[in-house]
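Good morning, and thank you for coming. Please look at the sequence and the structure as I put them up, and keep them in view while I speak.

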Amino acid sequence: MRKLKRSTSTAALLAGTAALATATPASAASYHCTTSSYTVDDPSYTGPDSDNWDFDVRLCAKRSGGYIYTTATVNWDGPYAANQHSSLTFNKARFHLQTKKSTAGTDPVVKYANYTGLEHALEHSSGNGNGSYKTGTLKTKASGRYQYLADGYIELDWSGDGTGYRKPLLFSASPRV
């Protein structure tokens, strides 16, 4: 995982990791996760400050009781300047979570959801431009002979650029379960 820019993000991430480790029962099926990063430039901002958004996405999948569960957590380190005008940053933003069946060739999507709450979370970042968002969990009936994985991407529609959703920000899929 990349080094976070602000120590408050690191402390929050460590505290969240410790809480997850102590709250999980030993008998429960555990999620298998992959974290990857993507940095994107705000195309509508031309000010003197940095305008990059650094995203870390953790995609997770688990198999339990004949079902596949997939979920995602998005953490970001946004520009401080964007937070001063946060309601003007995005027209729309969403996280597109997918449950995929692992097959030869392209893995088919068996279930998906768009989580538009990401826009609200991004526009209500902390005073330093940091924040996080957790999607809901997709539950899919598993076929015994197949493995599954979580995949997903972020779509952003920046205010002021007039182009709608730009190309998706792609992240690494979870391990297969």
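Let me begin with a definition: a disulfide is a pair of cysteine sulfur atoms within 2.5 Å. By this rule, the count here comes to 1 disulfide. Please bear in mind that we are looking at a predicted model.

Which two cysteines form the disulfide? They are Cys-33 and Cys-60, and their sulfur atoms are 2.0 Å apart. The two residues belong to distant parts of the chain, 27 residues apart: Cys-33 sits in strand β1, which covers residues 32–41, and Cys-60 sits in strand β2. The torsion about the S-S bond is about 115 degrees, so this disulfide is right-handed. Are the two cysteines buried or partly exposed? Cys-33 has a relative accessible area of 22%, so it is partly exposed. Cys-60 has a relative accessibility of 7%, and therefore counts as buried. The cut-off behind both statements is that buried means under 20%.

Let us now step back to the whole chain. The protein chain contains 3 helices and 9 strands. Read from the N terminus, the order of these elements is α-β-β-β-α-β-β-α-β-β-β-β. The chain has 177 residues, of which 40% count as buried. Its exposed surface is about 9300 Å², and carbon and sulfur atoms supply 52% of that area. If we take the contacts between residues at least 6 apart in sequence, 70% of them join residues at least 24 apart.

Next, the sheet that contains β4. Here we find an open sheet of 4 strands, in the order β5-β4-β8-β9, with antiparallel pairing. Its edge strands are β5 and β9, the latter covering residues 169–170, and each of these pairs on one side only. How many bridges join β4 to β8? There are 12, and the two strands run antiparallel. As an example, Gln-98 has Asp-151 in β8 as its bridge partner. Strands β4 and β5 are also antiparallel and are joined by 6 bridges; Leu-97 stands opposite Ala-113 in β5. The hairpin of β4 and β5 has 6 residues between the strands, and within this hairpin Gly-105 takes a positive phi near 85 degrees. On the other side of the sheet order, β8 and β9 pair in the antiparallel sense over 2 bridges, with Ile-154 opposite Leu-169 in β9.

One residue of β4 deserves a pause, namely His-96. Its relative accessibility is 8%, so His-96 counts as buried. The side chain of His-96 makes a polar contact, at 2.6 Å, with the side chain of Asn-114. Beyond its neighbours within four places in sequence, His-96 is in contact with Tyr-112, Ala-113, Asn-114, Asp-151, Gly-152 and Tyr-153.

I turn now to the nonpolar core. In soluble globular proteins, nonpolar side chains tend to be buried together. The largest nonpolar core in this model has 30 residues, and the members that touch the most others are Phe-55, Trp-76, Phe-95, Leu-122, Ile-154 and Leu-156. Which elements each supply at least two residues of this core? They are β2 (52–64), β3 (67–77), β4 (90–102), β5 (109–115), α3 (117–123) and β8 (147–158). Take Leu-122 as an example: leaving aside neighbours within four places in sequence, Leu-122 is in contact with Trp-53, Phe-55, Trp-76, Phe-90, Ala-93 and Leu-156.

Finally, two residues from the region of β1. Ser-36 is found in strand β1 itself. With 12% relative accessibility, Ser-36 counts as buried, because the limit is 20%. A polar atom of the Ser-36 side chain lies 2.9 Å from the backbone nitrogen of Ser-172. Apart from neighbours within four places in sequence, the contacts of Ser-36 are with Phe-55, Asp-56, Val-57, Phe-171 and Ser-172.

Tyr-31 lies in the loop between α1 (7–23) and β1. With a relative accessible area of 31%, Tyr-31 is partly exposed. Not counting residues up to four places away in sequence, Tyr-31 touches Cys-60, Ala-61, Lys-62, Tyr-69, Thr-71 and Thr-137. Cys-60, one of these, is also a partner in the disulfide with which we began. How far apart are the C-alpha atoms of Tyr-31 and Pro-175? They are separated by 9.4 Å, although the two residues are 144 residues apart along the chain.

Thank you for your attention.

Definitions and conventions. Residues numbered from 1 in each chain as written. Predicted model: local features only at pLDDT ≥ 70, side-chain atom pairs only at ≥ 80, totals over all residues. Heavy atoms only, no water. Core = buried A, V, L, I, M, F, W, Y, C linked by side-chain atoms within 4.5 Å. Buried < 20%, exposed > 50% of the residue type's maximum accessible area, 1.4 Å probe, protein only. Contact = heavy atoms within 4.5 Å. Pairing = 2+ DSSP bridges. Polar contact = N/O pair within 3.5 Å; in protein donor to acceptor, adjacent residues only side chain to side chain. Areas by Shrake-Rupley, 256 points an atom, 1.4 Å probe, with all protein chains shown as cover.
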